[in-house]
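Below is a short report on the packing and the largest pocket of one protein model. The sequence and structure come first.

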Amino acid sequence: MPTEHIVKSFDEALTRLADTVQRMGGVAEAQLDQAIDAVMRRDAELAARVIEGDRRIDAMQGQVDDMAIKLLALRQPVASDLRFVVGTLKISAEIERIGDYAKNVAKRAVALAQIAPLKPVHMIPRMGEVAQQMIKDVLDAYANRDVERADAVWARDAELDEMHSSLFRELLTYMMEDARNISGSTHLLFIAKNIERIGDHATNVAEQVHFMVTGTPIDATRPKGDQTAYAVVQPGAGG
């Protein structure tokens, strides 16, 4: 009976740890959704709430750290349980960074609300949808130890990179057409880059889930579609 009690107590502790990470991820996903909504609605008050809400994610990461450290110190897990606890620590750090990037999007939304609307803003919601779906899918993969779903998120990062590259080129052209577009377009460039980075962190989580379940890293080179470092737009390219 004592052994059964110890095993049950350990399993319950692992479940609480996983549940906390799931809630943390859900908050980060909601933060991104609201930040993009603030951009599109030009809603500085909503953006301010997103910025303030980042503290909740930070607090939850602290809870995960405490729980994981106690599990490592008191339970001394091995094999798959050890991979799960250590992987969860790393995943919570990735989610915290996702929250930071959502906050950065909200900060740019505050600035954009003060200037005239920009035409290229249309691609931001689509990028946001892809990033949010990646977060949702990778959290589901974590909850269900689903390697196939984690690998699918890992592969989808290239799609978000390509969208970022496309918007980058469009915004460069837009700025070259009229210098008055430079300030707002610069904010949109940062927003797009923040969303692209959120996709990278969701992909990092996918890699952790894959290793957590299989004990081996993903045996492939991460697909990258971000070509912004090589983008060249000639004067007059926008017609």
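The text below covers the core, one glycine and the largest pocket.

The model is predicted, so local features need pLDDT of at least 70 and side-chain atom pairs pLDDT 80 or more, while totals for chains, interfaces and linings use all residues. Residues are numbered from 1 along each chain as its sequence is written, and side-chain values use heavy atoms, without hydrogens and water.

The largest nonpolar core holds 68 residues; such a core is a set of buried Ala, Val, Leu, Ile, Met, Phe, Trp, Tyr and Cys residues joined through side-chain atoms within 4.5 Å. Buried means under 20% relative accessible area, with a 1.4 Å probe and protein chains only. Ile-124 and Ile-195 touch the most other members. The helices in the table each supply at least two residues of this core; helices are DSSP runs (H or I, at least four residues), numbered from the N terminus.

| Helix | Residues |
|---|---|
| H1 | 2-41 |
| H2 | 44-75 |
| H3 | 79-112 |
| H4 | 123-144 |
| H5 | 147-177 |
| H6 | 182-214 |

H1 gives the most to this core, with 14 residues.

Gly-87 lies in helix H3 and is buried, at a relative accessible area of 3%. Beyond four places in sequence, Gly-87 contacts Gln-208 and Met-212, contact being heavy atoms within 4.5 Å.

H2 gives the most to the lining of the largest pocket, with five residues. By class, this lining has four nonpolar, no polar and three charged residues; Ala, Val, Leu, Ile, Met, Phe, Trp, Tyr, Cys and Pro count as nonpolar, and Asp, Glu, Lys and Arg as charged. A pocket is an open set of points on a 1 Å grid over the protein atoms alone, where a 1.4 Å probe fits, with protein on both sides within 12 Å along at least five of seven lines; lining residues have an atom within 4 Å of a point.

How values were computed. Buried means under 20% relative accessible area, exposed over 50%, partly exposed in between (1.4 Å probe, protein chains only).
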